[in-house]
Structures are given as structure tokens and as C-alpha cells.
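Let's take a walk through this model, one chain at a time. Have a look at it first, and then read on.

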Amino acid sequence: MDAFIWDARFETGIPLVDAQHKHLVDAVNTLGNELLLGDVTEERLQKLFHELAEYARHHFADEEKMMSDKAVDRRHRDEHVGHHRQFVEQLVGLWKSRAAIDKPAEAVHGFLASWLTVHILGEDQAMARQMASLDRGIQAEAAYEVEKKSVDAGTAVLLDALSRLYALLSDQNQTLARINQSLEERVEQRTSELAKANAQLEKEQNELTQLLRKVEEAQQQLLQSEKMAAIGQLAAGVAHEINNPIGFVNSNLGTLKSYVSQLLTVIAAYEGGNPQEVEAARKAADLEFLRDDLPSLVAESQDGLSRVTKIVQDLKDFSHVDQAEHQHADLNVAIESTLNVVWNELKYKAEIVRELGDIPAVDCVPAQINQVFMNLLVNAAQAIDQQGKIFVRSGVDNKEVWFEIEDTGHGMTEEVQHRIFEPFFTTKPVGKGTGLGLSISYDIIVKKHGGRMDVRSTLGKGTCFRIWLPIEGPNSIS
Amino acid sequence: MSRILIVDDEESILKALKRVMRLAPCSYGNKNYSLEVSEFNSPAAALEAAQNEEFDLFMSDYRMPGMDGIEFLKAAKAIQPDAARLILSGYADLNALVRAVNEVGIDRFIGKPWNDYDLMSAIAQALAHRDLMLENRQLANLVRQEMGDITPEQLEAERLERIEPGITEVNWGPDGSVVLDPEFQGKT
């Protein structure tokens with residue numbers, strides 16, 4: 001970048017104007033240097049620019065006042081003032097958009113230097129000459145005319161063209177700035193619209209997420225309540241099964257107490273050493289009977305207690321509190337533990353025929369699969385009116401394990417078969433079924449484990465449910 | 001000696017009950033009952049025994065294979081209407097209880113596990129109540145006979161009817177024959 005060098009031809013002969021011009025040239029050079037260095041703070045640049053602009057305005061005001069004081073011809077004045085205004089606008093515009101310009105230092109400095117050169121050499125010189133003419137007593141109009149003629153044709157045309165060029169540039173720049181402005185406004189509008197749409201979307205998404213969570217919660221509750229209902233159905237059988245052994249163990253303990261006190265009496269009699277008393281005590285105690293009955297009393301009681309223990313263990317296995325997560329489980333074992341729990345419900349109704357095949361461990365949630373087994377087994381038992389059979393089968397089929405639970409109960413009509421997986425559909429009497437068992441079973445097998453479930457049924461002959469589970473879990477089979 | 005029939009599909013229950021009945025006194029008021037217990041692990045076998053022997057009290061489990069306690073007591077009541085009836089059960093829903101009271105007219109419902117003392121006094125009460133009922137009937141019949149409301153023949157017919165229900169009725173077959181064996185009644 002070339003420095004803006006003061007030239008003797010710039011001098012107008014008016015001391016104030018020349019001094020101000022020199023100051024302007026210095027200011028332009030200072031700003032240019034600072035811009036070029038690039039490591040000055042924005043604050044300092046702003047300050048320099050404002051000082052320059054302020055000084056230019058101040059200088060223009062002085063010039064304009066001088067012209068009006070000396071009554072320079074109106075035509076020159078208007079033109080001159082117009083150029084001042086254009087310069088200010090141009091400069092401000094250029095400054096504002098300097099961030100977007102390739103080489104802002106060159107552009108700003110170049111513009112300032114070229115404009116000032118043209119202006120000082122052209123209009124200011126013309127102004128000075130006219131003022132000198134006015135001082136010599138020549139009329140303003142005449143001075144203007146003389147001035148126009150005095151400048152040689154080439155220079156006049158050049159200066160004119162340059163002025164027009166600046167005016168054109170200024171217009172163009174303003175138009176561009178306006179377009180820019182409106183573009184910016186539109187971008188801003190679009191951006192705010194997009195932001196609004198985004199916010200709306202986000203809000204909707206939040207609502208959807210919340211709804212989804214509510215649905216999931218409701219489903220979880222349904223699952224739980226169905227489980228509770230099923231357990232309630234089992235309670236009768238389990239209570240019977242637990243109360244029976246507790247009943248006789250408890251009673252046997254009472255009996256044992258009397259046996260022991262009788263035996264102690266006999267021992268006391270022996271210790272007394274009176275043979276008659278011993279004989280009487282032995283007779284009262286019926287020692288022969290006690291000798292016979294005591295071992296069986298204890299054995300039966302032990303058996304009763306181990307039965308209670310087993311029922312509790314079965315219930316624990318069945319509920320699988322510790323198995324609520326995906327794991328590899330032997331489902332033949334799972335169905336056995338379910339059978340144990342449901343057995344009390346089944347044993348008066350049906351004979352269980354096990355046809356379990358060799359199956360690999362399946363990736364599943366055992367507690368949920370048990371719930372399905374229980375539903376199917378209880379349904380099978382309830383389908384049997386008097387006495388029947390329930391077949392429990394299992395096997396492997398390619399990448400799946402299958403289970404079949406077939407009963408010799410009363411079967412279902414076509415219409416009922418179509419609706420069995422609907423939630424709340426039940427053919428059981430009020431209080432006996434929730435109508436959720438099969439719909440939840442379907443959900444567990446199909447949706448949660450990626451398996452399949454179907455049913456064959458003949459009215460009066462029986463029903464067979466079959467389920468397939470992918471061995472490697474829900475995502476292994478597409 | 002009071003004859004008691006107990007039915008339960010659980011052998012250990014039967015044995016525990018027998019032990020209690022052998023040891024514990026069975027008394028109500030100043031009456032002391034000595035018990036003779038016949039136990040059966042199937043309702044069908046118990047019914048067969050009821051056809052041939054007389055019992056003072058039937059006590060049955062509720063949940064049993066083949067026939068539940070209510071059906072059994074109903075059948076037993078048809079054979080021996082004067083015997084007292086008890087249910088000893090680990091669990092029964094309301095439906096079963098309603099049936100037991102309304103259809104069978106049980107004297108007591110005893111839950112499992114039971115308390116030996118309560119069980120024995122329930123049996124004693126049921127037996128005492130039965131004694132009282134029979135005595136009342138006898139006295140009432142005596143009075144009716146004295147008043148001329150009932151003939152000794154009618155009284156004897158009632159007695160026979162109690163021993164062998166249906167004996168005083170003649171069952172005519174469709175061809176005019178007389179059906180003696182109740183097994184064939186209603187099946188022809």
C-alpha cells in the first residue's frame with residue numbers, strides 16, 4: 001500500500017483549508033497504517049475512524065460555511081456539498097462492511113486517498129479559484145462560468161467523469177447495502193421462524209416422550225396387575241397345599257407333647273423303683289403303641305415341613321425376583337418350576353403328560369416366560385370340566401425353541417379364537433379372569449422376546465397353544 | 001362309643017387326626033364321648049362304607065380329587081341324614097362356604113391348620129347337638145303317639161326309612177316291574 005503523500009498541487013492558497021487538508025491526509029495515513037498492521041484493537045480502530053470521520057465533517061462544515069459566507073455560486077456549492085454528503089455515506093458504508101471485504105486496509109485507505117486526491121485537486125481548487133475571483137470583485141456567476149472555461153477541456157471531462165463515477169459508485173453501494181440489509185432481515189426472519197418451528201418440534205417431542213412414558217407405565221401396571229390376579233388364582237391351591245402340612249405337623253407336635261409327658265411319667269416311675277408304679281405308668285402310656293407311632297409321627301412331620309419348604313422354594317423359583325433381566329435360561333427347568341406352583345391348581349383336574357425335548361438355553365427373561373407358562377397352564381386346567389390331560393411339550397426347530405401346552409378341555413369356537421389375544425376379552429365368569437392373561441402372554445412372547453405364538457382349537461376336543469422363542473434373543477432373528 | 005368317619009386325600013392328615021382323637025378328651029358339658037374313627041383317603045371309599053355302616057359324624061376335606069367335600073357330604077347326607085357334618089379344609093372360597101352351608105347344612109367349618117382343642121370341642125358339640133336332636137324327635141314322637149297324631153306303624157316306617165332311605169317306597173319300572181336295587185333307579 002502506498003502512503004498518501006501530500007503534493008504541492010493540493011494547495012488551495014486558503015490557509016485554513018490547506019491546514020485541514022494536510023491533517024486529513026495524515027489521519028488517512030495513520031488509519032491506513034493501523035489497519036495494515038492488523039494487531040490493533042477494534043476499539044483503537046473505531047476511535048481512529050471516528051476521529052477521521054468527525055474531522056472530515058468538521059472540515060466539510062468549514063468549507064461549506066466559507067462558501068456560503070463568500071457567496072460562491074449556488075451551482076458549485078450544491079455540487080460541492082452533494083459530494084461531501086456522498087463521501088460521508090460511502091465512507092460509513094465501507095467501514096461497516098469492511099469485515100466482508102478481502103483487503104479492508106487497502107480498500108479503506110485506497111478509497112480515502114483517491115477520493116481526497118480527486119476532491120482536493122478538482123472541486124476544492126475550483127472553489128478556491130472562485131473565491132479568489134470573488135475577492136477580486138468578480139460576480140459569483142461570472143466566476144463560476146470563468147472557472148468552468150478556465151480548466152482545460154481534458155481535465156474538466158476527467159474530473160466530471162470521476163465525480164459521476166463516485167456518485168454512481170455511491171448509488172450502487174447504497175443499493176447493495178439496502179439489498180444486503182433486506183437479505184439480512186430475511187435471513188433473520190427465516191432463522192427466527194426456524195427457531196420457532198424447532199422449539200415447537202421440541203415441545204411436541206417432549207409431550208410425546210411423556211405420553212410414551214405414561215403408556216409404558218400403564219402397561220407395566222397392567223402387567224403387574226395381571227400377575228397379581230394370576231397369583232390370586234394360585235393362592236387357593238397354594239394355601240391348601242401349605243395349610244395341609246402345617247395342619248398335621250402342628251397337630252402332631254401337640255400329640256408329641258402328650259407322648260413326651262407320658263414317657264417322662266414312665267421314666268419317673270422307673271426312677272422311683274416301685275415295680276407296681278412302673279407297670280401302671282407303662283399301661284397308662286400304652287408304651288407299645290408309642291414305640292410304634294413315635295417314629296412315624298416324627299417322619300410324617302419332617303415330610304410335612306419339607307413339603308412346605310419345597311412349596312416356598314417353588315414359589316420363589318416361579319416368581320424369579322432375581323431373574324427380571326435377560327439371561328440364558330433352561331426353559332425346561334422354568335416350566336417344571338411353574339408346573340410345581342400351578343400343580344395344586346391342576347392336580348384335581350388333569351394328568352400332566354410331559355414330553356420335554358432336549359433344548360438349549362434360551363436368551364430370555366425367565367420370570368416373564370414363567371408368567372406365560374402359568375397363564376397357559378391355568379387356562380388349560382380351567383378348560384377341563386371334569387378330568388382330562390394336559391400335554392406339555394418342548395423342542396428345537398432351527399434357531400428357535402418351541403413349547404406346546406395342549407389340553408383335552410372344551411375347546412373354543414372360531415369366534416372366540418379370533419379374539420383371545422384382545423385385552424380384556426374373557427369367557428371366564430366374573431372374578432375368575434381378567435381377560436389380560438393371553439394378551440400379556442402375546443406381548444411377552446412376540447413383542448418382548450421376538451417370538452411367535454399360535455393356537456389350534458377344536459370345540460369339544462381341546463386346545464393347543466404353541467410358542468416359539470428365538471434361542472439367541474429378540475434381535476437374533478429379523 | 002361315637003362312630004366318626006373322616007375323609008382326606010392326605011394320609012398324614014388322617015393319621016394326625018387319629019392320634020388326636022385317641023388322646024384328647026372329647027366332651028361337651030358333662031357328656032364325654034369316646035370316639036371310634038374310620039378314616040378314608042378317598043370320598044368314594046368313604047361313601048361305600050357309609051352305605052354299610054352307621055356313623056354319628058362325617059368330617060371331610062374340601063379339595064379332593066374326583067369329588068369335593070361338599071359333594072361327598074351331600075351324598076353322605078342322602079345316605080345317613082342324621083349324622084353330623086363337618087368340613088376341615090385348608091382353603092375354601094366364599095362360593096364353597098355358601099354351598100357348604102346352604103346345600104349340605106354343615107355343623108362346623110374348621111380351617112387348617114387346626115387347633116386340636118377347638119377341633120375336639122367342635123366334634124363334641126356336633127355330637128351333643130345330634131344327640132339332642134334325636135332325643136327331641138323321640139320325645140316328640142312319643143307325644144304324637146299319645147295324642148294319636150301318629151300310629152306306631154308310621155313311627156316304625158320312619159325309623160326304617162332313616163336306616164335305609166327309600167325302603168318304604170316302591171319303585172316301579174316302566175314295564176310294571178318293581179326296581180329293588182337303587183343303582184338302577186333312574187337309569188332305565
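What follows covers the two chains, their sheets, the cores and the contact between the chains.

## The overall picture

Keep in mind that this is a predicted model. Chain A has 478 residues, and 26% of them are buried. Its secondary structure comes to 12 helices and 7 strands. Of the contacts in chain A with a separation of 6 or more, 73% are between residues 24 or more positions apart.

Chain B has 188 residues, with 34% buried. You'll find 6 helices and 9 strands there. For chain B, residues 24 or more positions apart make up 61% of the contacts with a separation of 6 or more.

## The sheet in chain A

Chain A has an open sheet of 5 strands, and if you go across it the order reads β2-β4-β5-β7-β6, with mixed pairing. Why do β2 and β6 of chain A each have one side without a neighbour in the sheet? Both stand at the edges, β2(A) at 350–356 and β6(A) at 452–458, and each has a single partner strand, so one side is left free of a neighbour in the sheet. From one strand to the next, the twist averages 15°.

Now zoom in on the β6 end. Here β6(A) runs antiparallel to β7(A), residues 462–470, and 7 bridges hold the pairing. One position to pick out is Asp454(A), whose bridge partner in β7(A) is Arg466(A). Lying across β6 and β7 of chain A is helix α12, residues 437–448, which runs at about 135° to β6(A).

## The sheet in chain B

Chain B has an open sheet of 5 strands too, but here the pairing is parallel and the order is β4-β1-β5-β6-β7. At the edges are β4(B), 35–40, and β7(B), 108–111, each pairing on one side only. Ignoring direction, neighbouring strands in this sheet are turned by 20° against each other on average.

At the β7 end, β7(B) runs parallel to β6(B), residues 84–89, and 4 bridges join the two. Ile87(B) stands opposite Phe109(B) of β7(B). Helix α2 of chain B, residues 43–52, packs on the sheet where it touches β1 (2–7) and β4, and its direction makes about 155° with that of β1(B). Helix α3 of chain B, residues 69–79, lies across β1, β5 (57–60) and β6, running at about 165° to β5(B).

## The nonpolar cores

Which residues have the most contacts inside the largest nonpolar core? They are Leu5(B), Leu57(B), Phe58(B), Leu86(B) and Ile123(B), in a core of 43 residues. Helix α5 of chain B, residues 116–147, gives the most to this core, with 7 residues.

Leu86(B) is a good one to click on. Leaving aside residues up to four places away in sequence, its contacts include Leu57(B), Met59(B), Ile106(B), Ile110(B), Ala122(B) and Ala126(B). Asp107(B) and Arg108(B) are also among the residues that Leu86(B) touches.

There is a second, separate core of 34 residues, and Cys364(A), Val392(A), Val401(A) and Ile444(A) are among its members.

## Where the chains meet

How many residues of chain B are in contact with chain A? The count is 17, and they meet 21 residues of chain A. Helix α1 of chain B, residues 11–23, gives the most to the side of chain B that touches chain A, with 7 residues. Sorted by class, that side of chain B has 8 nonpolar, 2 polar and 7 charged residues.

Note on methods: Residues numbered from 1 in each chain as written. Chains lettered and ligands numbered in written order. Predicted model: local features only at pLDDT ≥ 70, side-chain atom pairs only at ≥ 80, totals over all residues. Pairing = 2+ DSSP bridges. Helix = DSSP H or I, 4+ residues; strand = E, 2+ residues; numbered from the N terminus. Axes fitted to C-alpha atoms, helices over the stretch in contact; angles between N-to-C directions. Contact = placed C-beta atoms within 7 Å. Nonpolar A, V, L, I, M, F, W, Y, C, P; charged D, E, K, R; others polar. Buried ≥ 20, exposed ≤ 12 C-beta atoms within 10 Å, placed from the backbone. Core = buried A, V, L, I, M, F, W, Y, C linked by C-beta atoms within 7 Å.
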